[in-house]
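Let's take a friendly walk through how helices sit against each other in this model. Have the structure open and turn it as you read.

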Amino acid sequence: MGFAGFDTEKIGTLAGGLEKASQGAGPLHRQVAMVLTRANGLLKGSKPVTTSALLQPLVGDLMGGLFFGGYHCMPGTLTGELDDTQASMKRRCAQLGGVQKLVDDGYDVDPSLYFDDEKPPDQKKINTALTDLAELNGKNAGDTDSRSDLERIKGDLDGLTPTELDAFLDKVPAGDLAHFNDVATHTGNSGIWPFQHSNGLPSGEYRDFTSSLLKKAGPTHWPKIEAAFPVQPGFDTTDAWLEGQNSQQEQGVHGMHYGTPKDPLFKNPGTVDASGAHQGQIGDCWYMASLEATAQADPKFIAEGVKQNPNGTVDVRIWDKDGKLHWVTVTPDIPMDSDNNPVSAYGADESWPAYYEKAFALMYAGDTGGAPDDHQGDPLYDRAERGDYGATEWDFTDKAPPYVTGSKSKSIGGGFDGVKEAYQSHHPVIVASPSDDELKKKNLDPSWDGNYVTRHVYYVKGFDTQGNMLLGNPWGPGNDVTVTPEQYKEYFETPQQLQVGK
């Protein structure tokens, strides 16, 4: 490993100089404030003592800003800024030296971590984690005393800095990690003692643990985590993979693979564009309609629920089946086709829907198998697919909202008018088309032009001046349908009102 361009001794000298300069910033602040205050008194308001926006707050500030939360303007603000800068430089130099020692001792550390603002790596902590994990090999999944061992190892790994974790991942045998996963995910009771704790780790706690690993590890070691732990949802259980198309949209899908999109999380940071989101080729309209409805009603809420980490992974806010909040960490790659176009959900020049969908694929626990798409008895379709994209296909309208908003949805009565009232009360609203193929044979509104299909979920986008309902199709822009009260009664059902937050 080379550190070309970094002379830690010179950087340390610079940090010392910044520390010395910061010590004089406070007195300078007070001296300038005193001069300006006296001058202001002599001028008696005949003219401003200064036109500088930086110096104006110093007039009358004879205590150096101490009663106003610290130094709030130049030059006094330099005290805090210079102190923070020099301290960070010293920590980074120490980290760099520690990484150099790790590399000299034979550890492979991802270059992205070389200059982290962390305490220098401690090889003792790394070796303790390796030893404790190796000792777990004497335990089997279901052993009555495995919980304490798992908690100790989990504590070891949670306590590692990103650099220490990367060094650990470099040395740990893949089999040791896989065995930890086997023991940790075996949560059945032993039955030996009436008050025996379950073995393994609780599912929510374990998901948070695996997320913490991904959040800290360097990209070169992500594959090792993915091979051992359930952090990468498969897509070979989806209709797009099995049939080469989404059966509703009938768009061909070839060469599915994981790839990293080029677009940022948000086109406009801090908010999302619900109208530009689209479902992609995964059959999860029931989830995407809930996500898009919520993004339309409260774009800030959805934007705050996804963020990128320094190592490139993405955190997504999601509630589990028990209503408990989690931040699920996923790698930045998503399912793509042979032309490197997203197969999963996506947005208009932004990628946030893809990561919400990926986290949901990992977390959704409602899938119990069954094949509502004419494949009953076929083992490729008629199976539980928990943890995969296939688990998110073909489920019921009310199942997704709790994962998106943190609260269960509410069925809406009163037909068309009830839906309108819920929407005008600023709630996200979704509606479904029946699972009735006979509807396909009726004379559908020509303006719908293939955008109406049975067994599909839409979200309410608004109402036009004629009082008709505009339904957003999760297939994306250009696929919406306008519905009269009479059409709503005949072609739609099971409206749900979503409640954002708790």
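Before we look at a pair of helices, one definition helps: an axis here is a line fitted to C-alpha atoms, for helices over the stretch in contact, and the angle between N-to-C directions runs from 0 to 180 degrees. Keep in mind, too, that this is a predicted model. Two packed helices are described by the angle between their axes and the distance between the axes.

Start with helix α3, residues 123–135, and helix α5, residues 162–171: they pack at an angle of about 40 degrees, and their axes are 9 Å apart. That angle makes α3 oblique to α5, since angles under 35 degrees would count as roughly parallel. The crossing of α3 and α5 is right-handed. Now find the side that α3 brings to the contact: Lys125, Ile126, Ala129, Leu130 and Leu133. Across from them, α5 offers Glu164, Ala167, Phe168 and Lys171. Sorted by class, this contact of α3 with α5 has 6 nonpolar and 3 charged residues, with no polar ones.

Next, move along to helix α4 (residues 146–158) and helix α6 (residues 174–184). Their packing angle is about 130 degrees, with the axes 10 Å apart. α4 is therefore oblique to α6, because roughly antiparallel is kept for angles over 145 degrees. The crossing of α4 and α6 is left-handed. Here Ser146, Leu150 and Ile153 of α4 meet Phe180, Val183 and Ala184 of α6. The residues in this contact of α4 with α6 divide into 5 nonpolar and 1 polar, with no charged ones.

Note on methods
Residues are numbered from 1 along each chain as its sequence is written. This is a predicted model: local features need pLDDT of at least 70, side-chain atom pairs count only at pLDDT 80 or more; totals for chains, interfaces and linings use all residues. Side-chain values use heavy atoms; hydrogens and water are left out. Helices (H or I, at least four residues) and strands (E, at least two) are DSSP runs, numbered from the N terminus. Angles under 35 degrees count as roughly parallel, over 145 as roughly antiparallel, 65 to 115 as roughly perpendicular and the rest as oblique. A crossing is left-handed if the near helix is turned anticlockwise from the far one by less than a right angle, and right-handed if clockwise. Contact means heavy atoms within 4.5 Å. Ala, Val, Leu, Ile, Met, Phe, Trp, Tyr, Cys and Pro count as nonpolar, Asp, Glu, Lys and Arg as charged, and the others, Gly among them, as polar.
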